[in-house]
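Colleague: I'm new to this one, so could you take me through a single part of it, the sheet, in some detail? Please start with how the strands pair up.

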Amino acid sequence: MGMKTKIALGAVVGIVVIGAVSANAGDSDTGSADKGASASADRQPGGAKDTGAGTGADAGKGNEKAEKAEKKASQAEQFKAFVEENGTAQEKEAVSHVTKVQGADEQNDILDTADVYTDFTGGIMGEGTGPAKLIASAFADWKQSENGLVTVYDADGELLGNGQF
């Protein structure tokens with residue numbers, strides 16, 4: 001009876017291992033095809049992102065020029081331009097200290113994070129703590145996310161503040 005139990009147990013383990021290997025092989029093929037399909041759909045020209053309202057060829061060219069100009073500007077320049085146009089006087093003063101913005105262009109509404117670097121010094125006990133809240137607030141006006149967090153840093157990379165956007 002001991003020998004039959006060992007054989008049966010070995011057969012069950014073998015079947016489980018074969019099933020697990022074949023199930024994993026099937027998942028990776030399907031997942032790979034799904035990822036490729038969505039990535040290629042994003043890369044195709046004239047997709048859902050094209051919002052040109054003009055009907056003539058000139059209207060499309062104007063739209064393309066505006067998109068290229070926006071892409072050439074850094075994220076920090078885009079952020080500063082937005083605040084210059086839409087912000088309060090206090091926000092404009094605070095955002096004038098921004099030197100770099102990272103992560104603002106990559107959003108998925110699941111867990112979006114962005115980093116804003118400034119020329120303030122002194123860390124959380126320094127002069128930039130108050131303006132950091134204004135910067136985070138202005139950033140929330142600029143970018144919207146279901147679950148975003150913007151973090152503001154000083155010139156040395158120390159945390160000044162953060163906020164949701």
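Modeller: Let's begin with E1 and strand E2, which covers residues 112-118: the two run antiparallel and are joined by four bridges. For one pairing you can pick out yourself, find Val 98 and look over to E2, where its bridge partner is Thr 118. Keep in mind while you look that this is a predicted model. As for what holds such pairings together, strands of a sheet pair through backbone hydrogen bonds, and they can do so in a parallel or an antiparallel way.

Now step back to the whole sheet. It is an open one made of four strands, lined up as E1-E2-E3-E4, and the pairing is mixed. At the edges sit strand E1 (98-102) and strand E4 (159-164), each of them pairing on one side only. On average, neighbouring strands here are turned by 20 degrees against each other, if you ignore direction.

Next, bring in helix H5, residues 129-142. This helix lies across E1, E2, strand E3 (148-153) and E4, and runs at about 30 degrees to E4.

To place all this in the chain, read along the sequence: the pattern goes α-α-α-α-β-β-α-β-β. That makes five helices and four strands. Zooming out further, 22% of the chain's 165 residues count as buried. And if you take contacts between residues at least 6 apart in sequence, 54% of them join residues at least 24 apart. As for the outside, the chain has an accessible surface of about 11300 Å², with 55% of that belonging to carbon and sulfur atoms.

Methods. Residues are numbered from 1 along each chain as its sequence is written. This is a predicted model: local features need pLDDT of at least 70, side-chain atom pairs count only at pLDDT 80 or more; totals for chains, interfaces and linings use all residues. Side-chain values use heavy atoms; hydrogens and water are left out. Buried means under 20% relative accessible area, exposed over 50%, partly exposed in between (1.4 Å probe, protein chains only). Contact means heavy atoms within 4.5 Å. Accessible areas come from the Shrake-Rupley method with a 1.4 Å probe; for residues, only the protein chains shown count as cover. Two strands pair if DSSP finds at least two bridges between them. Axes are lines fitted to C-alpha atoms, for helices over the stretch in contact, and angles run from 0 to 180 degrees between N-to-C directions.
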